[in-house]
Amino acid sequence: MRGDIRFAAYQGANHIRQNLSYKFDRPLGKPSQVTVLITDACAARCVMCDIWKLQAEGELEAAEWMDVVDRLREWLGPFFLVVSGGEPFQKPGMFELLEHCRAVGVKTKLSSNGMYLTRKNCDRILEVGPDFLSLSIDHHRREVHDELRGVPLHDRCVEAIRYLRGADDSLVLGVATIIMEETYRDLVETGKWALDLGVDRVLYQPLYPTFATDEGIDPEWFERNPHWPRDPDALAAVIQRLRELKATGKPIWNPDQHLDAMSYYFRDPRSHPRPEECMVRYSTFNIDPRGDVNFCYTVDDAVGNVRDRHPRDIWESATAQDVRDKMKPCKAPCLLNCYRGRSIGEQIGLFRLFLERQGF
């Protein structure tokens with residue numbers, strides 16, 4: 001319990017320091033979200049993503065990532081590490097890294113397409129983590145999901161959820177669904193289906209320019225993207241149904257503000273409600289597979305590399321502040337959840353979920 005109180009006190013104090021950072025435009029706090037893209041490798045062939053076309057070259061090995069985690073832990077104390085990719089479970093040494101994170105007191109959230117969730121690997125998850133596993137499932141119907149992902153993954157995801165949920169109530173499970181032409185009509189049904197499977201929360205992400213190409217540089221990218229929803233009125237009605245479902249107490253992880261903004265975004269990505277200034281430049285710390293650090297995947301200027309600099313030194317550097325100044329007036333369509341700062345209430349909700357399940 002003493003550790004839980006210390007963790008809560010630290011997060012609360014850091015949230016205040018982050019708010020002061022925006023007021024004085026200098027880093028007075030520390031990042032509250034550390035995200036690593038652990039690898040570019042991915043054996044899926046998703047129609048909405050081109051990351052699988054990248055070559056996994058020059059990436060940090062698992063042992064190097066352990067050293068990075070140690071330095072982050074020294075600097076930040078206990079923290080949440082978000083692991084994505086590519087497909088994280090395709091990274092050699094992934095389970096050893098998760099085991100190391102657990103040993104040094106770092107909570108982990110990992111996003112996966114489910115391809116490698118064999119029974120053997122599910123047993124490893126139960127042993128070493130992650131503490132929060134989010135599976136990408138875009139539709140409750142097998143044929144729709146598997147066509148979008150380019151390989152048959154639906155059944156493996158479902159089997160993994162059932163097995164993991166039946167074996168361990170403390171593991172936090174989630175499903176993330178991309179909103180696009182092929183999925184938006186059934187978002188409510190897919191969410192209900194996922195919750196009935198036993199997951200703890202569902203999250204909806206809007207279709208977005210893929211990080212692996214320059215698609216996002218083109219302001220008209222969405223007009224040429226075949227997966228962009230073509231009926232914004234129908235989609236707005238579905239989003240309203242999601243809000244109503246959330247109001248009944250169902251664990252839809254999107255804040256209401258996020259759902260509202262998506263109704264505008266899908267009419268025109270260039271014009272949706274957003275903060276007057278970028279709200280993540282003093283809260284996020286992203287590390288790519290080769291160790292380069294940035295604060296945002298839209299203004300993706302590297303501010304340093306963890307192979308040769310301590311994360312704290314990167315965060316406090318003049319280069320980092322120059323990039324923050326560049327980010328400040330950005331008006332990019334920042335509707336990915338990692339781009340939008342979470343309120344203290346939302347952070348408390350996440351803390352309570354882990355506290356009730358696992359403690360800190």
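In the predicted model, the buried residues of helix α10 pack against four elements, namely strands β5 (172-179) and β6 (201-206) and helices α8 (221-224) and α9 (232-247). Helix α10 spans residues 256-265, and its buried positions are His258, Leu259, Ala261, Met262, Ser263 and Tyr265.

The sheet is open and comprises nine strands of mixed pairing, arranged in the order β6-β5-β4-β3-β2-β1-β7-β8-β9. Its edges are formed by β6 and by β9 (304-305), each of which pairs on one side only. Helix α10 packs on this sheet through contacts with β5 and β6, and its direction makes an angle of about 30° with that of β6. At the β9 edge, strand β8 (residues 292-294) pairs with β9 in the antiparallel sense over two bridges. Within this part of the sheet, Asp292 is positioned opposite Asn305 of β9.

A total of 22 salt bridges is found in the structure. One of them links Asp301 to Lys326, with the closest N and O atoms separated by 3.0 Å. Asp301 belongs to the loop between β8 and β9, whereas Lys326 is part of helix α12 (residues 318-327); the pair therefore ties together parts that lie 25 residues apart in sequence. Both partners retain some accessibility: Asp301 is partly exposed at a relative accessibility of 26%, and Lys326 is likewise partly exposed at 48%. Salt bridges with shared partners also join Arg243, Lys246, Asp256 and Asp260 into a single network.

Further salt bridges include that between Arg141 and Glu143, whose side chains meet at an N to O distance of 3.1 Å. Arg141 has a relative accessible area of 37% and is thus partly exposed. Another joins Asp50 and Lys53, for which the closest N and O atoms are 3.3 Å apart.

A nonpolar patch on the surface is formed by Ile16, Leu20, Phe24 and Leu28, which together present about 360 Å² of accessible area. Of these residues, Ile16 is located in helix α1 (residues 2-24). Ile16 is classed as exposed because its relative accessibility is 52%, above the cut-off of 50%. In general, an α-helix has 3.6 residues a turn, so residues three or four places apart point the same way.

Technical notes: Residues numbered from 1 in each chain as written. Predicted model: local features only at pLDDT ≥ 70, side-chain atom pairs only at ≥ 80, totals over all residues. Heavy atoms only, no water. Patch = residues over 30% accessible without salt bridge, like charges linked within 9 Å, V, L, I, M, F, W, Y side chains within 5 Å. Areas by Shrake-Rupley, 256 points an atom, 1.4 Å probe, with all protein chains shown as cover. Salt bridge = Lys/Arg side-chain N within 4 Å of Asp/Glu carboxyl O. Buried < 20%, exposed > 50% of the residue type's maximum accessible area, 1.4 Å probe, protein only. Contact = heavy atoms within 4.5 Å. Pairing = 2+ DSSP bridges. Axes fitted to C-alpha atoms, helices over the stretch in contact; angles between N-to-C directions.
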